[in-house]
Amino acid sequence: MIGKEVAQSTRGMQRPAPKVQEGFVLVEAGSFRMGSNDSDSDEKPVHTVRITRDFYISKYEVTQRQWREVMGNNPSYFKGDELPVDNVSWYDAVEFCNPLSRKEGLEPEYNISGKDVTWNRSANGYRLPTEAEWEYAARGGNKGRGYIFAGSNDVDEVGWYWDNSGGKTHPVGWKKPNELGIYDMSGNVWEWVWDWYGSYSYTSQTDPTGPYSGSDRVGRGGSWNNNADNLRSANRNNNDPSNSNNNLGFRLVRPVE
């Protein structure tokens, strides 16, 4: 754990902020406008999303070192301890979460039986972010400044993509973080999120978790082999959850207890 910070309560009195686990950032609850009217049709309509619970999100994409310590192998195409793990499917990503939770004495978030995965939302372990949580965090949460990319309007400041990556992934945390101190939410590897891929709602949403079913899961953030447009915080990608590739990775979320 790292040090205790002081936050303001709604009554104007000081209260202790949650202790944040090392390697994670506290994302405080709030509202934002999700989507974009400026690009792909699946980013429309722009709609208000309310996140009602604080959560922790990892500062960095899950690295190959972290993966190997939990899973005992390294599926990545690009090799390096501090590189993001790549070549992992959505099923691989959710499978990683449970043993990591058990290793730290936490209750696993997922019930997994083959390709049947359900989410135990009362658990306190590690999981993938929802699509809304991911975009809210990428946009800087309640500290957001309206940037196009995660932390800047200059993609080269914050992301590894086709024009600057040299055709490979790079160690996590080398670029500028966003307003919350989160790295690589634009570029390096696509990041799997929980949601099935589907259309956005025209009405405001509270803590959305995506469609009840589907054929593809959502990926966010763009990667080393994409153009800059794919690195926008509003951009969406969809993939068969069984698919793995050298531009697919993920990061973790934990509830605030």
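Q: Two strands pair if DSSP finds at least two bridges between them; what makes β9 and β11 a pair?
A: In this predicted model, three bridges join β9 to β11 (residues 217–220), so the "at least two" rule is met. The two strands run antiparallel, and Trp192 has Gly219 as its bridge partner in β11.

Q: How do you know that β9 and β13 also count as a pair?
A: Two bridges join them, and since the rule asks for at least two, they qualify. Here the strands run parallel, with Glu191 bridged to Gly249 in β13.

Q: Why is β13 called a strand?
A: Strands are DSSP runs of E with at least two residues, helices are runs of H or I with at least four, and both are numbered from the N terminus. β13 spans residues 248–249, so it reaches the strand minimum.

Q: What are the ground rules for this model?
A: Residues are numbered from 1 along each chain as its sequence is written, and side-chain values use heavy atoms, with hydrogens and water left out. As for confidence, local features need pLDDT of at least 70, side-chain atom pairs count only at pLDDT 80 or more, and totals for chains, interfaces and linings use all residues.

Q: How confident is the predictor?
A: On the pLDDT scale (confidence in each residue, from 0 to 100), the chain averages 93, and 92% of the residues score at least 70. Watch residues 1–15, though: their pLDDT is below 50.

Q: What makes β9 "mostly covered"?
A: Buried means under 20% relative accessible area, exposed over 50%, partly exposed in between (1.4 Å probe, protein chains only). Seven of the seven residues in β9 (190–196) are buried.

Q: How do you know which side of α1 the buried residues sit on?
A: In α1 (residues 64–71), Gln64, Trp67 and Val70 are buried. They cover an arc of only 135 degrees around the axis, so they sit on the same side of α1. Part of what covers these buried residues is α2 (90–103). Just after α1, Gly72 takes a positive phi of about 80 degrees.

Q: Why are β4 and β10 called edge strands in the sheet β4-β5-β10?
A: This open sheet has three strands and mixed pairing. β4 (30–34) and β10 (205–206) each have a single partner strand, so one side of each has no neighbour in the sheet. β4 and β5 (residues 47–51) pair in the antiparallel sense over five bridges, and Phe32 has Val49 in β5 as its bridge partner.

Note on methods. Arc of directions from axis to C-beta. Contact = heavy atoms within 4.5 Å.
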